[in-house]
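Open the model in your viewer and keep the selection panel at hand. The tour moves from one selection to the next, with a short account of each stop.

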Amino acid sequence: MPRKGQDKEKAPIDVVEIDSSDDEATIVVDAGGHRNLNNSNNNIYKPINDAQLQLRAPKLENPVVLAPPDSNYQPLDTRSFWKAGAYEIGPSKYSYIQGDLEHARVHPKFLHSNATSHKWAFGAIAELLDNAVDEIENGATFVKVDRIYNKKDNSPALLFQDDGGGMNPESIRKCMSLGYSSKTSNTTIGQYGNGFKTSTMRLGADVIVFSRASQSGRATQSIGLLSYTFLRRTGHDDVVVPMIDFDISDHWAEPIIYSSHNDWSANLKTILDWSPFSSKDDLMLQFEDIGSHGTKIIIYNLWLNDEGIYELNFDEDDEDIRLRDEANRGSLLKPTKQVIELQSHISYRIRYSLRAYASILYLRKFMKFKILLRGKAVEQFDIAADLKHPETIFYRPQLAGATKEVSVSTILGFNKEAPSIAVSGFNVYHKNRLIRPFWKVTADGSSRGNGVVGVLEANFIEPAHDKQDFERSSLFLKLEMRLKQMIFDYWKGHCHLIGYQPERSRLHNVESKSAVSSRSEVAGMQKHMQTGKSMHEQPLVIDLSNESFEEERSTEPPSKVASIDQLCEENIQLFMRCEEYGQKENELKRTIEELEKELAETRMKCTKLSLHLETQRRQKLVEQQMDCT
């Protein structure tokens with residue numbers, strides 16, 4: 001119900017639309033906390049001061065909230081992320097009204113295509129961790145990442161929760177919109193206003209957000225639903241986001257009505273139909289563990305891989321979340337001891353273990369902030385502190401138009417396991433956030449730089465939108481060349497400390513062997529000339545018969561002199577051995593193909609068995625719930 005003193009102005013609205021329409025209604029909140037919906041002839045309003053709240057709503061002649069196709073909660077037919085965007089777009093329901101200003105519209109398919117910027121699921125999770133870390137300046141002390149279950153179908157869901165400043169009604173609408181970002185600090189990681197949408201849609205088809213905030217003596221709590229399933233199944237041709245807000249300043253939740261109570265109820269009904277929660281009471285219970293401020297994000301209908309299994313593996317480690325496909329990569333053949341040692345190194349584990357990746361995700365250790373992964377705090381790992389024979393090198397990039405000179409410090413050293421594990425590369429951070437882990441700048445196959453690891457923070461170059469790489473600017477290319485020179489110089493002066501032979505020493509040994517060989521040949525010629533007659537006294541006569549020629553040209557024992565026939569015989573044997581190895585290689589390839597087929601069949605059986613077991617588990621839970629009722 002509206003607060004006392006608030007006028008009930010009616011304007012048609014069913015859900016909040018996230019495109020930037022110029023036809024918008026403005027909700028004005030005065031200093032006393034009272035909200036009034038202003039109207040004028042052209043329906044365009046601008047806020048008077050910072051205390052005003054501007055909300056956007058579509059103009060609809062006959063507002064209708066589409067319900068699910070049936071009473072049962074159902075996810076999308078296609079649960080694989082990389083296939084979820086492959087559907088035909090029907091004719092648009094939008095019709096131009098005379099007098100309206102044109103604006104760009106956002107089709108639901110864009111949500112999926114926009115999320116494909118994250119090739120790696122952990123990159124999407126890192127975006128959500130960044131949002132929580134940015135809340136440290138608003139008092140956040142933790143971010144919790146865990147698996148929970150969807151109450152409607154008992155499927156796994158992903159939970160992110162922090163105790164930061166939270167979002168008021170205006171902020172949560174900016175969060176749900178495309179391209180809006182209120183982060184202006186030089187220390188915050190987020191800046192594009194796109195990370196929340198790309199990351200959540202990359203991990204699952206749907207996300208619901210609960211947030212509490214207290215600003216200027218006014219406390220609010222808001223709920224927003226961004227559901228790809230809802231938009232797809234109801235045939236929307238524009239991205240709409242149902243949201244509801246409450247004023248909790250007086251210690252009870254009073255709905256904030258912007259147009260009419262029916263419109264507010266329509267948004268609530270849409271959220272209940274398409275979220276994991278079946279009643280308003282269930283929604284309100286989600287705020288109990290948030291406290292006076294904070295945000296809770298629940299991503300559900302998680303994506304499956306091509307084999308029909310969840311991308312995220314919650315079962316292998318109760319204190320970790322793993323990427324199933326990355327963890328299984330390279331497990332076909334029996335690994336050697338060296339491969340096992342390499343796979344135990346953090347440079348390999350960050351590919352599939354979220355705990356390992358989160359441990360190096362931020363350069364500086366947090367003082368009063370924790371990342372709680374499945375109930376256990378992530379222990380931050382300092383790569384630079386783990387290096388042998390560390391050395392700090394300063395690099396001063398030439399920035400165009402910069403008024404102040406920038407100096408970047410790079411710490412170089414050998415990884416702790418060198419030379420047995422030849423892991424190398426630079427870990428490049430931007431604003432405390434890891435962008436490129438173990439970036440190998442030297443050429444493959446070169447021994448120079450083996451085992452050398454570097455750490456630096458490059459705030460002078462911009463990261464890509466997925467924050468997994470840098471923009472390929474001229475500054476980036478110059479940095480790459482400088483890092484390559486750093487690693488060569490460090491290698492030249494330090495490689496002998498861990499058992500590698502310096503390049504100068506290897507060249508000296510080769511030159512020494514060549515000089516010794518040349519001196520022995522000259523000495524042999526001089527000895528031969530001294531024992532024979534002088535060339536001026538008697539002409540030199542050479543007998544070209546086989547026996548005399550062998551005696552003249554050979555100064556080594558007869559056992560070491562190979563005849564032409566012996567060389568031919570050895571060549572024939574080598575060719576035969578090559579053919580044998582070629583046949584063995586073909587047999588091994590056929591064996592690998594057969595094993596891969598067997599593995600594919602086994603995985604398919606496991607998938608079917610897993611789905612069967614999951615179905616049985618859900619049936620048992622439903623039966624237990626029915627028995628309880």
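At what angle do the axes of helix α1 (residues 108-115) and helix α4 (residues 195-203) cross? Select both helices and look. This is a predicted model, and in it the two axes cross at roughly 90° and come within 8 Å. An angle from 65 to 115 degrees counts as roughly perpendicular, so α1 is roughly perpendicular to α4.

Now show the side chains at the crossing. From α1, pick L111, N114 and A115. From α4, pick T198, M201 and R202. Colour the contact by residue class: three of its residues are nonpolar, two are polar and one is charged.

**Zoom out**

Switch to a cartoon of the whole protein. It has 629 residues, of which 42% are buried. The fold comprises 15 helices and 20 strands. Turn on the surface next. About 35,600 Å² is exposed, and carbon and sulfur atoms supply 52% of that area. Take contacts between residues at least 6 apart in sequence: 70% of them join residues at least 24 apart.

**Strand β6 and its partners**

Select strand β6, residues 204-215. Is this strand mostly covered or mostly open? Mostly covered: ten of its twelve residues are buried.

Add strand β7, residues 218-227. The strands β6 and β7 run antiparallel and are joined by ten bridges. To find one pairing, pick S214, whose bridge partner in β7 is A219. Then go to the hairpin of β6 and β7, where two residues lie between the strands. Stop at S216, which has a positive phi near 55°.

Now add strand β11, residues 294-302. Its pairing with β6 is also a matter of bridges: eight of them, in the antiparallel sense. Pick R212 and look across to G294, its bridge partner in β11.

**The five-stranded sheet**

Hide the previous selection. Show β16, β17, β18, β19 and β20, which form an open sheet with mixed pairing. Which order do the strands take? Across the sheet it reads β16-β17-β20-β18-β19. The edges are β16 (388-395) and β19 (433-439). Each edge strand has a single partner strand, so one side of each is left without a neighbour in the sheet. Tilt the view to follow the twist, which averages 15° from one strand to the next.

Focus on β20, residues 452-457. Five of its six residues are buried, so the rest of the structure largely encloses this strand.

Look at the β17 side of β20. Strand β17 (residues 408-414) pairs with β20 in the antiparallel sense, over five bridges. Label I411 and its bridge partner V455 in β20. Then label L412, which stands opposite G454.

Turn to β18, residues 425-430. Five bridges join β18 to β20, and here the two strands run parallel. Keep G454 labelled: it is the bridge partner of F426.

**Last stop: the helix over the sheet**

Add helix α12, residues 474-494. Which strands does α12 lie across? The helix lies across β16, β17, β18, β19 and β20. Align the view with β16 and compare directions: α12 runs at about 140° to that strand.

Conventions: Residues numbered from 1 in each chain as written. Predicted model: local features only at pLDDT ≥ 70, side-chain atom pairs only at ≥ 80, totals over all residues. Heavy atoms only, no water. Buried < 20%, exposed > 50% of the residue type's maximum accessible area, 1.4 Å probe, protein only. Helix = DSSP H or I, 4+ residues; strand = E, 2+ residues; numbered from the N terminus. Pairing = 2+ DSSP bridges. Axes fitted to C-alpha atoms, helices over the stretch in contact; angles between N-to-C directions. Contact = heavy atoms within 4.5 Å. Parallel < 35°, antiparallel > 145°, perpendicular 65-115°, else oblique. Nonpolar A, V, L, I, M, F, W, Y, C, P; charged D, E, K, R; others polar. Areas by Shrake-Rupley, 256 points an atom, 1.4 Å probe, with all protein chains shown as cover.
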